Amino acid sequence: MSEERHPLDHLLRADRLPHIWCPGCGIGIAMRCLVLALEELRIPRDHTVVVSGIGCSARVAGYVRLDGFHTTHGRAIPFATGLKLANPDLTVIVFSGDGDLAAIGGNHLIHAARRNVDLTVICVNNFIYGMTGGQFGPTTPLAARSTTTPYGNFEPPFNLPAVVAASGAVYVARWTVFHVRRLITALREAITKKGFSFVEVLSPCPTGYLRRNQLGDALDMMRFFKTQSEIRHGAPPAEVGIELGRKLILGKFVDVERPTYHERMRRQLAAFFTEPYVEKASEEVEAKEVES
Amino acid sequence: MKRGPAVLTGVHFINGDVACAEGALAAGCRFFAGYPITPATEIAERMAERLPEVGGTFLQMEDEIASISAVLGASWAGVKAMTATSGPGFSLMMENLGFGYMTETPCVIVNVQRGGPSTGLPTLVGQGDMMQARWGSHGDYETIALAPSSAQEMFDLTIVAFNLSEKYRLPVLIMSDAVVGHITERVIIPPEAEIPIVNRKRFAGPRGAYLPYLPEDDLVPPMVAAGEGYRVYITGLTHDERGYPSTSPDVQERLVRRLVEKVRRNAHDIIRLEERGVEDAEVVLVAYGISARVAYRAMELARAAGRRVGWLRLITVWPFPEERLRELAARVRAFIVPELNLGQIVREVERCAAGRALTIPVLRPGGAVHDPREILAAIEEAFHV
């Protein structure tokens, strides 16, 4: 008798299923897009690491069959920075939620972008703190109800693409879990991009957000993503803020070249030390020449 | 310029912070992430200068939380890593320190203590973080904390700290102080071959067979690094031997007991003490860090006056050397505990004395070290009770 196996089992920890996410949650789709992107990329999986903080999205680190680190709340990026700089051969992907990355971890987000550490940050934005039961967060739209904004939210939200672009990210894109093909492409590009890349993934939280705001169920949100989105590649990040009653602007907003932290460090130190910096720096120049 | 040697063998005239950095390099530390803070900044400065010479990585982070997080990440990349700070930064590190204990991540955290609470006395000495070192992070755990008393010990104990951290897989704390960090004295760095180095136990078996949290007889599980193909899942959640999260009280019991027991059961290997004149002593001074050096002078003065006074220096403060203190409590008249806080380690001494010997605190809330005569006065008091 042959055992039935899912074609992505080699990239998922099937022994950890079922997952913790609610029916209608979009995080599973985002995870599947990551796995499919990795499948298409064929980068060495043993050198691919997923780091997360705390929250529903952060559970992804424990469902993918890769080295996974489920760190403390907000600290996935600095942990990933240490991992990447101590072993530059690793492909380091941070997968976490908007509250984790942009509120408690906001300082690390902007500084990693400024340094241009070679990380890929995937931020699932479901507009709410899901794990703790639906409190407003740094991305919750104005007037939205949450358990801690019972009279409606009066804190303006972050426009995340603008925040990271202004901080120095070299790749910035936003998609929704409805746009899976485009999301997979974006993740592939972000993972292969050298430097700090950021993909915001809009996702429904039926339990914590939709229900409390009379926005219907997850399907309604998917319909919303389908009908109320406008794809504008290259849109100035400052103009893509999410506001109630306005179309969601999706696309690839930033894709530029800037030396990574590691490249700048090696270049700077090569002026002082013969090795290892000079040797590796010249290898890098050679590699670039071959590419062009 | 060529790559510099990691071990600067020879006789140096350097301050404690610099000696600490050199000790780290000699121990094999190749990653440092930190944030400037008085009086620990010189450790970061020295590491910034020296790590590139030995092919290591120095990183100045945006805050102390990021610093310890990067250190934990680097450790999981298989690199020995350290951060250094003082009180305010130490407070910020507490949560991630707990992540280090829970995930059994070797690393070294240096706290060059200054007067507190809050911003307190940035440039002046204190020993007010000793209990925070033991209990500062939430939940149950055991730690290892060492207290250097000299620039030489900043070098020596940093190596010991790395070795213990690698051996028992946990963050090890160096609880220094502003005087020991800034004192400039002779430091002898031995030849590299004479420096004992311990490296973490590595799992080298087949990939499918690795259980990240399956301990060996010493209660310490062998470790792997990210990128080695073992596909580990490491979480701060309560986890089973596979590293998988669990909400079972049995798993919690097994894990947390082991985290605590691996230190308690190996206390004999971890604890380091220095004693003088304890054999015939009626009164024993118990001190650590800079206060131990001041207490030594008080002992000399008391001895010169004919008092049978001994001196016990805690090199390892945590785990607390309960056994030795209990032995002494059975035969001495009193313990005298001078420290630069308003009563922290003295409580431990009192607990071990358990009423069998008197415990006399000599306390200052930091800002200056004791005058040996204050301690001498306490000695006289002990002989007159």
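How many of the six residues of E15 in chain B are buried? I will come back to that strand after a few words on the model as a whole, which, I should say at the outset, is a predicted one.

Let me begin with chain A. Its average pLDDT is 93, and 93% of its residues score at least 70. The exception I would point to is residues 285-292 of chain A, where pLDDT stays under 50 and where the model has zero contacts beyond four places in sequence. Chain A contains ten helices and eight strands, and its C-alpha trace spans about 65 × 60 × 35 Å along the principal axes. A compact globule of 292 residues would have a radius of gyration near 19 Å, and because chain A has 19 Å, the two agree. Of those 292 residues, 51% count as buried. If we take the contacts in chain A between residues at least 6 apart in sequence, 65% of them join residues at least 24 apart.

Now to the sheet that includes strands from both chains. It is an open sheet of nine strands with mixed pairing, and reading across it the order is E7(A), E8(A), E5(A), E6(A), E4(A), E3(A), E1(A), E2(A) and then E10(B). The edges are held by strand E7 of chain A, residues 229-231, and by E10 of chain B; each has a single partner strand, so one side of each is left without a neighbour in the sheet. Direction ignored, neighbouring strands of this sheet are turned by 20° against each other on average.

At the chain A edge, E7(A) runs parallel to strand E8 of chain A, residues 248-255, and three bridges join them; within that pairing, A:Ile231 has A:Leu250 in E8(A) as its bridge partner. Two helices of chain A pack on the sheet. Helix H5, residues 160-167, touches strands E4 (120-125), E5 (171-176), E6 (197-202) and E8 of chain A, and its direction makes about 170° with that of E5(A). Helix H6, residues 180-192, touches strand E3 (91-97) as well as E4, E5, E6 and E8 of chain A, with a direction at about 160° to that of E5(A).

At the other edge, we cross from one chain to the other. E2(A) and strand E10 of chain B, residues 233-235, run parallel and are joined by three bridges, with A:His70 standing opposite B:Thr235 in E10(B).

What does the rest of that interface look like? In total, 34 residues of chain A are in contact with 40 residues of chain B. On the chain A side, strand E2 (67-70), helix H2 (76-86) and helix H4 (106-115) each supply at least two residues, and the largest share, eight residues, comes from H2(A). By class, this side of chain A has 14 nonpolar, 13 polar and seven charged residues.

Let me turn to chain B, and first to a single residue. B:Val110 is found in strand E5 of chain B, residues 107-115, and it counts as buried because it has 30 C-beta neighbours inside 10 Å. Leaving aside residues up to four places away in sequence, B:Val110 touches B:Cys20, B:Ala40, B:Ile43, B:Met82, B:Ala84, B:Ile174 and B:Ser176.

Finally, the second sheet, which brings us back to where we started. This is an open sheet of five strands in chain B, ordered E11-E13-E12-E15-E16, again with mixed pairing. Strands E11 (273-276) and E16 (358-363) of chain B stand at its edges, each with a single partner strand, so one side of each lacks a neighbour in the sheet. The twist from one strand to the next averages 20°.

Strand E15 of chain B, residues 334-339, runs parallel to E16(B) and is joined to it by six bridges; among the partners in E16(B), B:Leu358 pairs with B:Ala334 and B:Ile360 with B:Ile336. E15(B) also pairs with E12(B) in the parallel sense, over three bridges, and there B:Leu285 stands opposite B:Ile336.

So, to the opening question: six of the six residues of E15(B) are buried. Both faces are covered, with B:Ala334, B:Ile336 and B:Pro338 buried on one side and B:Phe335, B:Val337 and B:Glu339 buried on the other.

Definitions and conventions
Residues numbered from 1 in each chain as written. Chains lettered and ligands numbered in written order. Predicted model: local features only at pLDDT ≥ 70, side-chain atom pairs only at ≥ 80, totals over all residues. Contact = placed C-beta atoms within 7 Å. Helix = DSSP H or I, 4+ residues; strand = E, 2+ residues; numbered from the N terminus. Nonpolar A, V, L, I, M, F, W, Y, C, P; charged D, E, K, R; others polar. Pairing = 2+ DSSP bridges. Rg over C-alpha atoms; globule rule 2.2 N^0.38 Å. Buried ≥ 20, exposed ≤ 12 C-beta atoms within 10 Å, placed from the backbone. Axes fitted to C-alpha atoms, helices over the stretch in contact; angles between N-to-C directions. pLDDT = per-residue confidence, 0-100.
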